[in-house]
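Work through the exercises below with the coordinates open, and try each task before reading its solution.

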Amino acid sequence: MLTSPSLTMGIEEEYLLIRSDTLELTEVPQELMDDCAAELGSQVSPEFLRCQVEVGTGICADISEAREDLKRLRGTVARIAGRYGLAPLAVSCHPTASWQDQHHTEGERYNALQHDLAGVARRLMISGMHVHIGIENDDLRIDLMNQFTYFLPHLLALSASSPYWQGQDTGLASYRMITFDNLPRTGLPPHINDHSAFLRSVDTIVATGAIEDATKIWWDLRPSGRFPTLETRICDNSPRLEHTLSIAALNQCLLRMLWRLRTMNQRWRHYDAFLVGENRWRAMRYGMDEGLIDFGRGEVVAFADLLEEMIELVEEDADFLNCSAEIEAARNILAEGNSSRRQRAVHAAELERTGDGDRAMAAVIGSLVEEFSADL
């Protein structure tokens, strides 16, 4: 009998801070960071840009524990930011801010990133959500990574929250991914034979001095460089807490489903990165609106049907992991729209009402502020 991985969960979110009066992106005061750290300790930290704050839950046994921890983190950041006339957004791109106006956080790590990435780093006015799932066996972590890659476009489609960039509708559901893909060592993870092969490849690059360790590998899905976890990094931030939790629960349940197949000497079929990459593009471009390719059927399938198939696939796993409610609530994302769709709906409604593009964009940002605290 194969030993089950713990499948513990950790969620990291990166928030953008805005001024409550003007809704403009702003630098985070050091006093605000100090106040947050006084209450949250190491669970809060600065990020690459001075306008960002990162939070991370502890190691959570289940989705219920993750909900309480993330609710506390969101609530604390929002409350303390309010003292300074600021508000956090859990969204992957500020709809109107200009990257030229942003500055990176001073510090050895961030200064080195700025130097290494040059002009590319200046455009990183983006935030994401990362989900860590505990998989202690090294080779199992790599094996499940190879199989789980298939589902990454599905998770991106659910989470897409970055349709606007510098005041313009990009036509994409996730413009964040376009920006992030300019960095090295990003995109879908390559197919890797085992953990030893992964370490050999990393060691080869580290030995050249190009990177110092595996934390500088920024694939959409990676073996964490710090923890015995598989880290999903493809997702946009979800403004609504409950949507974040549904996406995190899908991560956890899909990985348990793949492990369960392994115990029966079965596995998910491997598809070439060229094919999965096509679905990744469809998720970036359309979100949930135009479906994804089902490679077994050889046709584009409506996302509603794909979501139902995923929910059915993990029914047993959701029951085991006590997250059936969160898995079924993924249907709410489909019904209400992911953030990208909701932002466009707010913009269209305000533009029709007032005929004023600036007011329409302000309405979008205002809706993101409201959604951040809606489930707290």
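**Exercise 1.** Identify the residues that line the largest cavity of this predicted model, and sort the lining by class.

*Solution.* Begin with the list itself: the lining of the largest cavity consists of Leu158, Ser159, Ser238, Pro239, Arg240, His243, Asn338, Ser339 and Arg342. Next, assign these residues to elements, which shows that α6 (152-159) and α15 (339-354) are the elements giving two or more residues to the lining. Then sort by class, and the lining divides into five polar, two charged and two nonpolar residues. Finally, consider the space enclosed: the largest cavity holds about 40 Å³, and a search of the whole structure finds one cavity of 30 Å³ or more.

**Exercise 2.** Determine which residues of helix α11 are buried, and how they are arranged when seen down the helix axis.

*Solution.* Taking buried to mean under 20% relative accessible area, one finds Phe303, Leu306, Leu307, Met310 and Ile311 as the buried residues of α11, which spans residues 303-313. Looking down the axis of α11, these buried residues fall within an arc of 140°, and therefore they line one face of the helix.

**Exercise 3.** Establish whether the faces of strand β4 are covered or uncovered, and describe how β4 pairs with strand β1.

*Solution.* Take the two sides of β4 (residues 86-89) in turn: Leu86 and Pro88 are buried on one side, while Ala87 and Leu89 are buried on the other, so that both faces are covered. Turning to the pairing, β4 and β1 (residues 9-19) run in the antiparallel sense and are joined over four bridges. One bridge can be located by residue, since leucine 16 has leucine 89 of β4 as its bridge partner.

Technical notes:
Residues are numbered from 1 along each chain as its sequence is written. This is a predicted model: local features need pLDDT of at least 70, side-chain atom pairs count only at pLDDT 80 or more; totals for chains, interfaces and linings use all residues. Side-chain values use heavy atoms; hydrogens and water are left out. On a 1 Å grid over the protein atoms alone, a cavity is a set of points where a 1.4 Å probe fits but cannot get out, and a pocket is an open set with protein on both sides within 12 Å along at least five of seven lines; lining residues have an atom within 4 Å of a point. Grid points are joined across faces, edges and corners, and a volume is the space filled by probe spheres set on the points. Ala, Val, Leu, Ile, Met, Phe, Trp, Tyr, Cys and Pro count as nonpolar, Asp, Glu, Lys and Arg as charged, and the others, Gly among them, as polar. Buried means under 20% relative accessible area, exposed over 50%, partly exposed in between (1.4 Å probe, protein chains only). The arc is that of the directions from the helix axis to the C-beta atoms. Two strands pair if DSSP finds at least two bridges between them.
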